[in-house]
Amino acid sequence: MTTIAPPALGEPEVAAVPALVASADRRIRLFNRCCAGILVALALIWLVPLAWAVDTALKPNAETTRITWWIENPTFDSFRAIFRDTDILSWYASSFITSALAALGTVVTGSLAAYALSRMRFRFRGVWFWFILIGIMIPQQVLIVPQFREMDGLNLLNTYWAVALPQIPLAIAVFIFKQFFDGLPRELDEAARMDGAGFFRTYRRIVLPLARPVVSAVAIFSFVWSWNHLLWPLLAVTNPKLMTIPVGLATVQGTYGIRYADTMASAILGALPLVLVFLLFQRRIVEGIAGTGLKG
């Protein structure tokens, strides 16, 4: 059998290969530098309002009427006034308790619903899944009146449960968990059943530990979303001691009026916990999003 050898490259072709590789490397480096420059520019644009808020909060209220970055008499009086004249510590506690309850409930209910939709076989399973996803398109404001009447009927108004319970059902959490569970090998479930494990034991001992990155991401996003929620806590809680941070800061800003330093100080104190959450758990967030197959 005759074999045909590939045509040999001539000297011009061999000499052109390093040049092509070098040109490709230059284009890749140029592209990376352009991307880095764009990211730095966007980061600076995002940081300008934050820097302006800090700059304003460190000024006396009398100096905030002049538009300048220079602080003649830096002071922490605005921050001290927030802690002295408001119940911000109680608001922090209320926000943390309600957000933690909402995040825990979202993870438990969302993962159970997604695991059932991913592994169980029943009639109209696809219809039920799409029915859940419709909840993403329903504005939360539409549900305010029935939720308020329900909480009132259960005598839960002015409690932490009144704020947390309506925020637990989260359709996007079911979708994220289902995307992850669909990617897990079904052989794991079959091996667990052969060892005598039931549905809930398989979910608790095998599936949920594998979903730790997704659990972390959903819990963090749910926590942040609940922390920033304003409309429902504003209606469900009237006790100043039980107000959450957004509701409490809204009353502070309404009280202070044109005292911009105090307003900016309250805004910084309200956003500071969320910044710390993202700084501490940013790796978990990235791993959770990457593990769901939603990378784009």
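1. Starting with the overall fold: the protein chain has 13 helices and zero strands. Read from the N terminus, the order of elements is simply α-α-α-α-α-α-α-α-α-α-α-α-α. Keep in mind that this is a predicted model. Of the 296 residues in the protein chain, 34% are buried.

2. Next, the aromatics. A search for ring pairs gives a count of eleven aromatic pairs. Take Tyr-115 and Phe-181 as one of them: the ring centres sit 5.8 Å apart and the planes make an angle of 85 degrees, so this pair is edge-to-face. Tyr-115 belongs to helix 3 (residues 88-119) and Phe-181 to helix 7 (residues 171-182), so the contact ties together parts that are 66 residues apart in sequence. Neither end is left out in the open, as Tyr-115 and Phe-181 are both buried.

3. Phe-181 has another partner worth a look. With Phe-180, the centres are 6.1 Å apart and the planes are at 65 degrees, so this pair is edge-to-face too. The cut-off for that label is over 60 degrees. Phe-180 is buried, just like Phe-181. If you want to see the wider group, colour Tyr-115, Phe-177, Phe-180, Phe-181 and Tyr-203 together, since they form one aromatic cluster.

4. Staying with helix 7, there is a salt bridge to check. Lys-178 pairs with Asp-182, and their closest N and O atoms are 2.9 Å apart. The two residues are four apart in helix 7, so about one helical turn separates them. What about their exposure? Lys-178 counts as buried because its relative accessibility is 13%, under the 20% limit. Asp-182, at 38% relative accessibility, counts as partly exposed.

5. Salt bridges elsewhere: the whole structure has five of them. One joins the side chains of Lys-59 and Asp-55, with an N to O distance of 3.2 Å. Here Lys-59 and Asp-55 are both buried, so I'd pull this one up on screen alongside the bridge between Lys-178 and Asp-182.

6. Another of the salt bridges links Asp-85 and Arg-84, where the closest N and O atoms are 3.3 Å apart. Which exposure class does each one fall into? Asp-85 has a relative accessibility of 46%, so it counts as partly exposed. Arg-84 reaches 57%, and therefore counts as exposed, the limit for that class being over 50%.

7. On the surface, look for the arginines: Arg-26, Arg-27, Arg-29 and Arg-33 form a positive patch. Arg-27 is a handy place to start, and you'll find Arg-27 in helix 1 (residues 11-57). Its relative accessible area is 53%, so Arg-27 is exposed.

8. Now for a backbone check. Most residues other than glycine have a negative phi. Asn-155 is not a glycine, yet its phi is positive, at about 55 degrees. Where does Asn-155 sit? In the loop between helix 5 and helix 6 (160-164). With a relative accessible area of 66%, Asn-155 is exposed.

9. That loop holds another case. Asn-158 is a residue other than glycine and has a positive phi, near 60 degrees. Asn-158 is also placed in the loop between helix 5 and helix 6. Its relative accessible area is 31%, so Asn-158 is partly exposed.

10. Last, a residue in the helix leading into that loop. Glu-150 lies in helix 5 (residues 144-153). Its relative accessible area is 48%, so Glu-150 is partly exposed, a class that stops at 50%. How far apart are the C-alpha atoms of Glu-150 and Pro-166? They are separated by 9.9 Å, while the two residues are 16 residues apart along the chain.

How values were computed: Residues numbered from 1 in each chain as written. Predicted model: local features only at pLDDT ≥ 70, side-chain atom pairs only at ≥ 80, totals over all residues. Heavy atoms only, no water. Patch = residues over 30% accessible without salt bridge, like charges linked within 9 Å, V, L, I, M, F, W, Y side chains within 5 Å. Areas by Shrake-Rupley, 256 points an atom, 1.4 Å probe, with all protein chains shown as cover. Salt bridge = Lys/Arg side-chain N within 4 Å of Asp/Glu carboxyl O. Lys, Arg positive; Asp, Glu negative; His and termini not counted. Charge placed at Lys NZ, Arg CZ, Asp CG, Glu CD. Buried < 20%, exposed > 50% of the residue type's maximum accessible area, 1.4 Å probe, protein only. Phe/Tyr/Trp six-rings, centres within 6.5 Å; stacked < 30°, edge-to-face > 60°.
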